[in-house]
Amino acid sequence: MQLHPRHFGRDLRDKLVSKLMKDVEGTCSGRHGFIVAITGIENVGKGLIRDGTGFVTFPIKYQCVVFRPFKGEILEAVVTMVNKMGFFAEAGPVQIFVSNHLIPDDMEFQSGDMPNYTTSDGSVKIQKDSEVRLKIIGTRVDATEIFCIGTIKDDFLGVISDPNATA
Amino acid sequence: MMGKRVRLENSSSASNCTHPGLIGGLCIKCGETMDNDDGFGGVALEYIHKRLRLSLEEIIRLRDKDFRNQLRQRKLYLVLDLDNTLLHSMDVNKIQENQEQFFLNRGIYKVERVRKMTKLRPFVHTFLEEASKLFDMYVYTMGCRNYAVEMAKLLDPEGVYFNSKIIAHENSTDKSKKGLDVVLGKENAVLILDDRESVWEGHRDNLILVEKYEFFGSGVTAGGTDDENDGVLDLVLKVLQRIHASFYDTEDLDTLLNRDVRRVLQDFRKEALKGCKIVFSGVLKPEKQHYWKLAEKLGAKCATKRGPGITHVVSLDSASDLSCWAIREKRFLVNPEWIDAARYLWQRQPEEKFPVTNELKIAPVTSCSVEVC
């Protein structure tokens, strides 16, 4: 963590920690996944002054909660967009695409004001804001985001709640 | 429970998948990471997702499936151009400050994000509302994506007409033109509305050309009265409704599956100049000439010689032999804009509105021999 000299003083450690939280929470790393929240600081090492500037670099060891979906994992997600190819859903910072190949065959795409996938008897409907349980079958983690391919074709997967259902 | 991640790249079971498409290098059917998604081929559909590519087989499969869906709903597809078709935009920095307030007072939008002032074509909201009952609609512009999205918000504030079907210049496969390859609709069921023909090379049979809409012209500070009389979208809507009705004049699914809206459009166009037999004068004469071909498209018969059956002479020169003959023999003598008018208005227009005044000039066609008729 790099710090400008104006922060050196009594609150140095606090300032370091707040900067860490600000810079790191919400980012993505290939190895660990999405960093959700920092839970503790284990160790702050000695600072090294950088040549040519007054900035000082501190190595910090910290603990945090990470979110990294893995293949085979079952997740609950909220549908954000439905089109004739399938639907996009979000589970926190992770975006998941479920193609129509992986939607049960008895569900058909209906276009219109609120595009959706519905069973022939109309009993089950997937549309924007529906909550679905899906299984991850592929993931890709890069510098800024995590993207997954999911399926709802297996048993016990599919709509959890209908946003229009009366309570 | 954290399981060990199984690496499937080298396993044989993953290769059973046909890999119909990739998003961000991940197969949408089996989830496998494709090492080199450039070698995948197919068509990039970036307007749906920035890293989406579908194989040609998958596009065909999706189109067929969706066509059946549309048939069930008795709908067709409509691809809509933006600039000069549904609206007209002008750079904010080309508009003086006092003009800007004047325009804002008259319901013209200022779209900060893309630095434009935009006037929607009269009747556009009704047009979209009525057209959406008969067509699954796309926006397709040569403008950039940000612009396309902002214009779509003006036209479709509830987001019900277009959804993810907004195609911008950078989403075209060939950036120099527009193509139906990125549209998930079967070509035999797609109609296009655009003020420009040249961008739709290869898809002219699907195209309905509309008169260019220009609000911010040179000297349009008081633009208003002319604009309100722009009835193009009203007319085009009626045309679309009739073509749709003609396509869906049966309940028989098998007939519909084999129908081609391009054919319906072609037949409909031929009503415009039905019964006319035209001979052209001077530079307009050669058979491959633009107006000859257009007149035939509109249902007229074209001839090379004067004769008893001729109904119209199309000329630029009122003193030519052929023009004089027309006057003597009491045939209609018109300038070529009479044919353009028939094209835009879908029916024959009063001939007296298109006299030959010798003032009209058209660009000379290359390699055409001028004959004195």
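**Warm-up: chain B at a glance**

Among contacts in chain B (heavy atoms within 4.5 Å) between residues at least 6 apart in sequence, 65% join residues at least 24 apart. Buried residues, meaning those under 20% relative accessible area with a 1.4 Å probe and protein chains only, make up 50% of the 373 residues in chain B. The chain has 11 helices and 16 strands; these are DSSP runs numbered from the N terminus, with at least four residues for a helix (H or I) and at least two for a strand (E).

A quick note before you start: this is a predicted model, where local features need pLDDT of at least 70, side-chain atom pairs count only at pLDDT 80 or more, and totals for chains, interfaces and linings use all residues. Residues are numbered from 1 along each chain as its sequence is written, chains are lettered from A and ligands numbered from 1 in the order in which they are written, and side-chain values use heavy atoms, with hydrogens and water left out.

**Exercise 1.** Find which strands pair with strand E11 of chain B, and work out whether its faces are covered or open.

*Solution.*
- Step 1: Start with E5(B), residues 76-80, which runs parallel to E11(B) and is joined to it by four bridges. Two strands count as paired if DSSP finds at least two bridges between them.
- Step 2: Pick out a matched position here: B:Tyr77 stands opposite B:Val190.
- Step 3: Now look at E12(B), residues 207-209; three bridges join it to E11(B), again in parallel. Here B:Ile192 sits opposite B:Leu207.
- Step 4: Check the burial. E11(B) spans residues 190-194, and five of its five residues are buried.
- Step 5: Sort the side chains by face. In a regular strand the side chains alternate between the two faces of the sheet. On one side you get B:Val190, B:Ile192 and B:Asp194, on the other B:Leu191 and B:Leu193, so both faces are covered.

**Exercise 2.** Describe the S1 motif region of chain A and trace the small sheet E10-E11-E12.

*Solution.*
- Step 1: Get the boundaries. An unreviewed UniProt entry annotates "domain: S1 motif" over residues 69-146 of chain A; such annotations may be inferred rather than shown by experiment, feature names are shortened, and positions are given in the numbering used here.
- Step 2: Read the make-up of that stretch: 0% helix and 56% strand, with the end C-alpha atoms 8 Å apart.
- Step 3: Trace the sheet. It is open, has three strands in the order E10-E11-E12 (chain A), and pairs antiparallel. Strands E10 (107-110) and E12 (125-126) are the edges, each pairing on one side only.
- Step 4: Zoom in on E11(A), residues 116-119, which two bridges join to E12(A). A:Tyr117 has A:Ile126 as its bridge partner.

**Exercise 3.** Characterise the contact between chain A and chain B.

*Solution.*
- Step 1: Count the residues: 29 from chain A and 38 from chain B.
- Step 2: Take the area. The two chains bury about 2,600 Å² between them, 56% of it on carbon and sulfur atoms; buried area is the accessible area (1.4 Å probe) that two parts lose on being put together, summed over both.
- Step 3: Find the big contributors. A:Lys84, A:Met85 and A:His101 supply 26% of the area that chain A buries against chain B, more than any other three residues.
- Step 4: Look for charge pairs. There are two salt bridges between the chains, each a side-chain nitrogen of Lys or Arg within 4 Å of a carboxyl oxygen of Asp or Glu. One of them joins B:Asp136 to A:Lys84, with the closest N and O atoms 3.0 Å apart.
- Step 5: Ask which strand gives the largest share of chain A's side: E13(A), with four residues.

**Exercise 4.** Place B:Ser315 and decide whether it is buried or exposed.

*Solution.*
- Step 1: Locate it: B:Ser315 is in the loop between strand E15 (312-314) and helix H10 (321-328) of chain B.
- Step 2: Check accessibility. B:Ser315 has 0% relative accessibility, so it counts as buried.
- Step 3: List neighbours, leaving out residues up to four places away in sequence: B:Ser315 touches several residues, including B:Leu284, B:Leu333, B:Pro336 and B:Val356.
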